[in-house]
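Me: Please take one part of this model and go through it closely. I would like the annotated sites and what surrounds them, with the cut-offs behind each term.

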Amino acid sequence: MPLTSHSPALLVLADGSVYRGWSFGAQGTRVGEVVFNTGMTGYQEVLTDPSYRGQIVIFTYPELGNTGVNAEDEESSQPQVNGAIARNICFEPSNWRAAQSLPDYLKQHHLPGIFGIDTRALTRKIRSLGAMNGAISTEILDPDLLLQQVKAAPSMTGLNLVKEVSTPQPYEWKDSTPAAWEFSPQVGSQQAFVVVALDFGVKRNILRRLSSYGCRVIVVPAETSAADILAHNPDGIFLSNGPGDPAAVTEGIATAKALLAAKKPMFGICLGHQLLGLSLGASTFKLKFGHRGLNQPCGLSQQVEITSQNHGFALDADSLDAEEIEITHLNLNDKTVAGLKHKTLPIFSVQYHPEASPGPHDADYLFEQFIEAMRQAKAAS
């Protein structure tokens, strides 16, 4: 399809950088923090991951849309990003599971996308200067006017986006990983465990993995009190992933801190990991450009897991109380904290995504570890 048949689109960053390309989604203007994802697959899961709320995603893989989109791969009920940036776009997908093209999908959800720009140069800029706000527009093609909107947008630092993505009402999740896609011989449990999952922006595949391991999963809103959570008499408590600045999610930190007294098994992923650390007295900081991809190496003691990650903040290792907390994993690219556990309580968390949607399955054992913690706690009660 010739480029002349596409509407022009403009990308402007907060530093004044201007990129001209072509539209492949809806018409309009959207502002957000511009970040990059290095994964070669899984663009639909990325677009619908609530952890990307308020962000515009650069996809570093050179062509997007080859496999289209389908209902089964949604990680939430709708796309969560503010826009998408690509080098090339496939407008006619070729995959037996495809139900819609990526451009049509973005149009349906009123999201702009821009393609035809040098995403390698753009990614190098973000790596050099750090993640920053930007805007995509098909209607404001004057860079100075679009830059005004970018500068008026709030910074991700200090931003609490959890209320935009959390469930408004409790519900029970019952779907497991489909048998055709199951990869772990350890799934299932002879003893069913009740898990209350605090939804800070949970991905569906996390809930599927908990269900696959035999859990009865009750999902509750982020602002649910510790008393209401414990009223479900859970065997374990799960703190989910989510968007924004963890330090700004004060209700989640307070709830996690109150739940510590119950001494029940707790497992946190991504934002849940950060909130758990904050509830234990640690602090967080914003990473220069974050970790967003499918091949982040994490581990300790000569053991390495290749992990899927999506976060822009991290726990400060020096702020963790070494008498209470053990660091179990480091991100081996930059030595930031990637996992922790409490030394006396059945509590642990990881910065990465063991449910791996998309990504490798190296860390799926963590769900089994959570099951074992609940099994031991129930046997001791």
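Reply: What follows starts with the annotated active site, goes on to the annotated binding site, and ends with a neighbouring helix.

The model is predicted, so local features need pLDDT of at least 70 and side-chain atom pairs count only at pLDDT 80 or more, while totals for chains, interfaces and linings use all residues. Residues are numbered from 1 along each chain as its sequence is written, and side-chain values use heavy atoms, with hydrogens and water left out.

According to an unreviewed UniProt entry, the feature "active site" falls on Cys-270, His-353 and Glu-355; such annotations may be inferred rather than shown by experiment. These residues span 86 residues in sequence, yet no two of their C-alpha atoms are more than 11.4 Å apart, so they gather at one spot. Among them, Cys-270 belongs to the lining of the largest cavity. A cavity here is a set of points, on a 1 Å grid over the protein atoms alone, where a 1.4 Å probe fits but cannot get out, and lining residues have an atom within 4 Å of a point.

Cys-270 sits in the loop between strand E14 (266–269) and helix H9 (271–279). Helices (H or I, at least four residues) and strands (E, at least two) are DSSP runs, numbered from the N terminus. Cys-270 counts as buried because its relative accessibility is 1%; buried means under 20% relative accessible area (1.4 Å probe, protein chains only). Leaving aside residues up to four places away in sequence, Cys-270 touches Asn-241, Asn-310, His-311, Val-350, Gln-351, Tyr-352 and His-353. Contact means heavy atoms within 4.5 Å.

His-353 lies in the loop between strand E19 (347–350) and helix H10 (365–380). With 2% relative accessibility, His-353 counts as buried. Beyond four places in sequence, its contacts are Lys-203, Ile-206, Asn-241, Ile-269, Cys-270, Ser-308, Gln-309 and Asn-310.

The unreviewed UniProt entry also gives a "binding site" at Ser-51, Gly-242, Gly-244, Leu-271, Gln-274, Asn-310, Gly-312 and Phe-313. They span 263 residues in sequence, but no two of their C-alpha atoms are more than 13.0 Å apart, so these residues gather at one spot. The lining of the largest cavity includes Ser-51, Gly-242, Gly-244, Leu-271, Gln-274, Asn-310, Gly-312 and Phe-313.

Two of these binding-site residues can be followed into helix H9: Leu-271 and Gln-274. Leu-271, at 1% relative accessibility, counts as buried. Its contacts, not counting residues up to four places away in sequence, are Val-162, Phe-200, Ser-240, Asn-241, Gly-242, Pro-243 and Pro-246. Gln-274 counts as buried at 3% relative accessibility. On the same sequence condition, Gln-274 touches Pro-246, Thr-284, His-311, Phe-313, Ala-314, Leu-315 and Gln-351.

The contact of His-353 with Ile-206 leads to helix H6 (residues 204–212), where 8 of the 9 residues are buried, so the helix is largely enclosed by the rest of the structure. Ile-206 is one of the buried residues of H6, together with Asn-205, Leu-207, Arg-208, Arg-209, Leu-210, Ser-211 and Ser-212. Their cover includes strand E10 (171–173), strand E11 (193–199), strand E12 (215–221), strand E13 (236–239), E14 and H10. Just after H6, Gly-214 takes a positive phi of about 95°.

Key. On a 1 Å grid over the protein atoms alone, a cavity is a set of points where a 1.4 Å probe fits but cannot get out, and a pocket is an open set with protein on both sides within 12 Å along at least five of seven lines; lining residues have an atom within 4 Å of a point. Buried means under 20% relative accessible area, exposed over 50%, partly exposed in between (1.4 Å probe, protein chains only).
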